[in-house]
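Work through the exercises below with the sequence and the structure open. Each task is followed by a solution in steps.

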Amino acid sequence: MGSFIWIPIAFLVIATILSGVFIVKQQTAVLIETFGKFTSVRQSGIQFKIPFVQRIAARIGLKIQQLDVIIETKTLDDVFVKLKVSVQYVVIREKVYDAYYKLEYPHEQITSYVFDVVRAEVPKMKLDDVFVKKDDIAIAVKSELQEAMLDYGFDIIKTLVTDIDPDAQVKEAMNRINASERQKTAAQFEGDAARILIVEKAKAEAESKRLQGQGIADQRREIARGLEESVEVLNKVGINSQEASALIVVTQHYDTLQSIGEETNTNLILLPNSPQAGSDMLNNMVASFTASNMIGESMKKTNKPKIKD
């Protein structure tokens, strides 16, 4: 019966010993207190403490942590905007005591500094500058936090302005401005395209007219050359130039009548068809040329400068 008494005692002793054994995970620090007074910091691995005398006061993570802070403030141009600032921080391994005993609520402390810096920097900027200089805001927050939190055992790794959210009406107005600018740019491009099209069309028409005029000139030149050759041939058979010209005009006259008659869809055209018509046309042309030459010679004599003695 006496042996049975020792069994509970043995279990109690083993349980007491085991209660003094604990394990600390990687990237974690454990603070040990003896009768309520800080004694030591234990690092990762298997550790021991005195049962009923020492206790684990806290387990402090040494990994990088992130705190997201949302701040609403006003810009220089009186626009209310919400900023989301992400603060990445870590407890310094050598200052675990300060991180636990000097600062009771580290999150609230960091949040207060972020609010203070952001509300001091953003009101100096216009809304557009807030978007452009968000990195400057992040650097200012980190600089302020780094100096303040280092004494409490915290190292600020990085601060990021991850979101900038203006008021809904402001965003709508910005979208309208952006849309208007894009429409203006599109209209300018369309105007430039239309202007280029008009210029190119005018160039094409000018080139077409030039080529058309050149074709007409070439055609008339060939006609004149043909008439000259015809007159020379007729002169060789004893027909003088005036008679030859009359013959050519009459021939061209009847060729024109024949060409018009061959067209089935031709509108009604009244033309003289007698041989005398060709002769009258030639006489009129010769008379016109003769009168023109006489007028030209008279003008030359009139404009000739007088020679003084």
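## Exercise 1: the buried side of H5

Task: in this predicted model, list the buried residues of H5 and decide how they are arranged around the helix.

Solution. Step 1: the buried residues of H5 are Ile137, Ala138, Val141, Leu145, Ala148 and Met149. Step 2: viewed down the axis of H5, the buried residues fall within an arc of 105°, so they line one face of the helix. Step 3: the spacing rule fits this kind of pattern: an α-helix has 3.6 residues a turn, so residues three or four places apart point the same way. Step 4: on the other side of H5, Ile139 and Glu147 are exposed. Step 5: the cover over the buried residues of H5 includes E7, helix H3 (106–121), helix H4 (127–132) and strand E8 (154–166).

Task: check the length of H5 against its residue count.

Solution. Helix H5 covers residues 134–149, which is 16 residues. At 1.5 Å a residue the expected span is 22 Å, and the end C-alpha atoms are 22 Å apart, so the two agree.

## Exercise 2: Lys142

Task: state whether Lys142 is buried, partly exposed or exposed, and find what it touches.

Solution. Step 1: Lys142 is located in helix H5. Step 2: its relative accessible area is 31%; buried requires under 20% and exposed over 50%, so Lys142 is partly exposed. Step 3: neighbours within four places in sequence aside, Lys142 is in contact with Ile156, Ile157, Lys158 and Thr159. Step 4: Lys142 and Leu160 are 18 residues apart in sequence, with 8.9 Å between their C-alpha atoms.

## Exercise 3: helix H3

Task: repeat the length check and the face analysis for H3.

Solution. Step 1: the 16 residues of H3 should span 22 Å at 1.5 Å a residue, and the end C-alpha atoms lie 23 Å apart, which agrees. Step 2: Pro106, Ile110, Val114, Val117 and Val118 are buried in H3. Step 3: these residues cover an arc of only 95° around the axis, which puts them on the same side of H3. Step 4: the partners against which the buried residues of H3 pack are E6, E7, H5 and E8. Step 5: taking one residue from this set, Val114 touches Val69, Ile71, Val85, Val87, Val141 and Leu145, residues up to four places away in sequence not being counted.

## Exercise 4: the largest nonpolar core

Task: describe the largest nonpolar core and say where its residues come from.

Solution. Step 1: this core has 36 residues, and those with the most contacts inside it are Leu83, Val114, Val118 and Ile137. Step 2: strand E7 (residues 80–91) supplies the largest share, six residues. Step 3: at least three residues come from each of domain 1 (13–61) and domain 2 (65–166).

## Exercise 5: Thr73

Task: is Thr73 buried or exposed, and which residues does it touch?

Solution. Step 1: Thr73 lies in strand E6 (residues 65–74). Step 2: Thr73 has a relative accessible area of 7% and is therefore buried. Step 3: beyond four places in sequence, Thr73 touches Val79, Phe80, Val81, Leu83, Val118, Arg119, Val122 and Pro123.

## Exercise 6: a record and the model

Task: compare the UniProt "transmembrane region" with the secondary structure of the model.

Solution. Step 1: the unreviewed UniProt entry lists residues 6–24 under this name. Step 2: over residues 6–24 the chain is 74% helix and 21% strand, with end C-alpha atoms 33 Å apart.

How values were computed:
Residues are numbered from 1 along each chain as its sequence is written. This is a predicted model: local features need pLDDT of at least 70, side-chain atom pairs count only at pLDDT 80 or more; totals for chains, interfaces and linings use all residues. Side-chain values use heavy atoms; hydrogens and water are left out. A nonpolar core is a set of buried Ala, Val, Leu, Ile, Met, Phe, Trp, Tyr and Cys residues joined through side-chain atoms within 4.5 Å. Buried means under 20% relative accessible area, exposed over 50%, partly exposed in between (1.4 Å probe, protein chains only). Helices (H or I, at least four residues) and strands (E, at least two) are DSSP runs, numbered from the N terminus. Domain bounds come from an automatic or database domain assignment. Contact means heavy atoms within 4.5 Å. The expected span of a helix is 1.5 Å times one less than its number of residues. The arc is that of the directions from the helix axis to the C-beta atoms. UniProt positions are given in the numbering used here, feature names are shortened, and annotations may be inferred rather than shown by experiment.
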